[in-house]
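Welcome! Here are some exercises to work through with the viewer open, each followed by a solution in small steps.

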Amino acid sequence: MTGLLKKPLKLALVQLATGPDKSANLTRARSRVLEAAEKGASLIVLPECFNSPYGCQYFPKYAEVLLPSPPLKENAPSFHALSDLAKETKTYLLGGSIPEYEISSHKFFNTSLMFNPKGELIATHRKVHLFDIDIPGKITFKESEILSPGNKVSLVDLPEYGRIALAICYDIRFPELATIAARKHCFLLLYPGAFNLTTGALHWSLQARARAMDNQVYVGLCSPARDMEASYNAWGHSMVVDPNAMVVCEAGESEEIVYADLTDDTIQQTRKGIPLQTQRRFDVYPDVSEGRVKYEE
């Protein structure tokens, strides 16, 4: 079988504690990314809304103008902090997500930014599926009151390692994104996400393991740390799941970094034992990855 992961990769998920001070959040993120890099991580992930509190009431206040790219530093301090940090640590850095404002459309987005070890922006993912839910007696949340959705599947080639896929939080509930990514030879699916105490308890681990099991790839979920004094309480429990749907590492509720060593052998042994790749019946049902898939906004 053809390898997906060219060489072993050390992945770090930074379960960051965030607050209302953007500058303090960026400083805290820097400290934790430096720590992860010192521990040997070559791919480091921050959580959803790592530079701000999570909530519709916060998105406009904390939003940054990212286009045209590269943006002005005064318009996008988080962009430049991530770029500088990736270059300083010589790592691939996924900046979880930040609120974005697009001047041309007057729209807000929930946006992930990924930088290479040279500090260059190599991928942008706008959250495709907005978090609009209403569980009676538990939680009601409607991102669509403020945010607009992104419109593409985001696949990223890391030359030394292989291809990965980016998505954000609620995107994980739509398996088509993961299936397309796996069919297009990704070895890892990354989901910065801020599940809450209701949906986290129900589905956080289940979704991670399901996407890994269905596609026989690694899955990483990176949450903010839980803050019971905040208006929105994140679940925590950042985790990496292997291609056999086993949890490799899992954080608790507080701020911490979890690490996982990813290998191609794990992927290949999983696929050799349960050969889904050669058993699919595209004469019976369609290959979703060969449909009308959008890779550009």
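A residue counts as buried under 20% relative accessible area, exposed over 50% and partly exposed in between, with a 1.4 Å probe and protein chains only. This is a predicted model, in which local features need pLDDT of at least 70 and side-chain atom pairs count only at pLDDT 80 or more, while totals for chains, interfaces and linings use all residues. Residues are numbered from 1 along each chain as its sequence is written, and side-chain values use heavy atoms, leaving out hydrogens and water.

**Exercise 1. Place Ala201 and decide whether Ala201 is buried or exposed.**

Step 1: Find helix α5 (residues 197-215), which holds Ala201. Helices (H or I, at least four residues) and strands (E, at least two) are DSSP runs, numbered from the N terminus.

Step 2: Compare the accessibility with the cut-off. Ala201 counts as exposed because its relative accessibility is 52%.

Step 3: Look for partners, where contact means heavy atoms within 4.5 Å. With neighbours within four places in sequence left aside, Ala201 is in contact with Asn196 and Trp235. Trp235 is 34 residues away along the chain, and the two C-alpha atoms are separated by 7.6 Å.

**Exercise 2. Do the same for Ser148: is Ser148 buried or exposed?**

Step 1: Go to the loop between β8 (139-142) and β9, where Ser148 has its place.

Step 2: Ser148 has 16% relative accessibility, so Ser148 counts as buried.

Step 3: Not counting residues up to four places away in sequence, Ser148 touches Lys107, Phe108, Phe109, Lys127 and Leu130.

Step 4: Stay with Phe109 for a moment. Arg126 lies over the face of Phe109, at 3.8 Å from the ring centre. For a charge to sit over a ring, NZ of Lys or CZ of Arg must be within 6 Å of the ring centre and within 35 degrees of the ring normal.

**Exercise 3. Find out how many aromatic pairs there are, and study two of them.**

Step 1: Fix the rule. Rings of Phe, Tyr and Trp (its six-membered ring) pair if their centres lie within 6.5 Å; planes under 30 degrees apart count as stacked, over 60 as edge-to-face and the rest as tilted.

Step 2: Searching the whole structure gives 13 aromatic pairs. One of them joins Phe79 and Phe115 edge-to-face, with 5.1 Å centre to centre and 80° between the planes. This pair links distant parts of the chain, as Phe79 is in helix α3 (residues 77-89) and Phe115 is in strand β5 (residues 107-115), 36 residues apart. Both Phe79 and Phe115 are buried.

Step 3: Turn to Tyr170 and Phe174, an edge-to-face pair at 5.6 Å centre to centre, with 70° between the planes. Tyr170 is buried because its relative accessible area is 14%, whereas Phe174, at 27% relative accessibility, counts as partly exposed.

Step 4: Widen the view. Tyr170 and Phe174 belong to a cluster linked by ring pairs, together with Tyr54, Phe59, Phe131, Phe141 and Tyr232.

**Exercise 4. Describe the largest pocket and what lines it.**

Step 1: Start from the idea. Rolling a probe the size of a water molecule over the atoms shows where empty space is left. On a 1 Å grid over the protein atoms alone, a cavity is a set of points where a 1.4 Å probe fits but cannot get out, and a pocket is an open set with protein on both sides within 12 Å along at least five of seven lines; lining residues have an atom within 4 Å of a point.

Step 2: The largest pocket holds about 380 Å³ of space. Its lining has 22 residues, and Ile122, Ala123, Thr124, Lys152 and Glu296 lie nearest the centre.

Step 3: Assign the lining to elements. At least two residues each come from β4 (98-102), β6 and β9 (154-158), and β6 gives the largest share, five residues.

**Exercise 5. Which residues line the second largest cavity?**

Step 1: About 40 Å³ of space lies in this cavity, a volume being the space filled by probe spheres set on the points, with grid points joined across faces, edges and corners.

Step 2: The lining consists of Leu26, Ala29, Arg30, Leu46, Phe50, Ala81, Leu82 and Leu85. Both α1 (22-38) and α3 give two or more residues to this lining.
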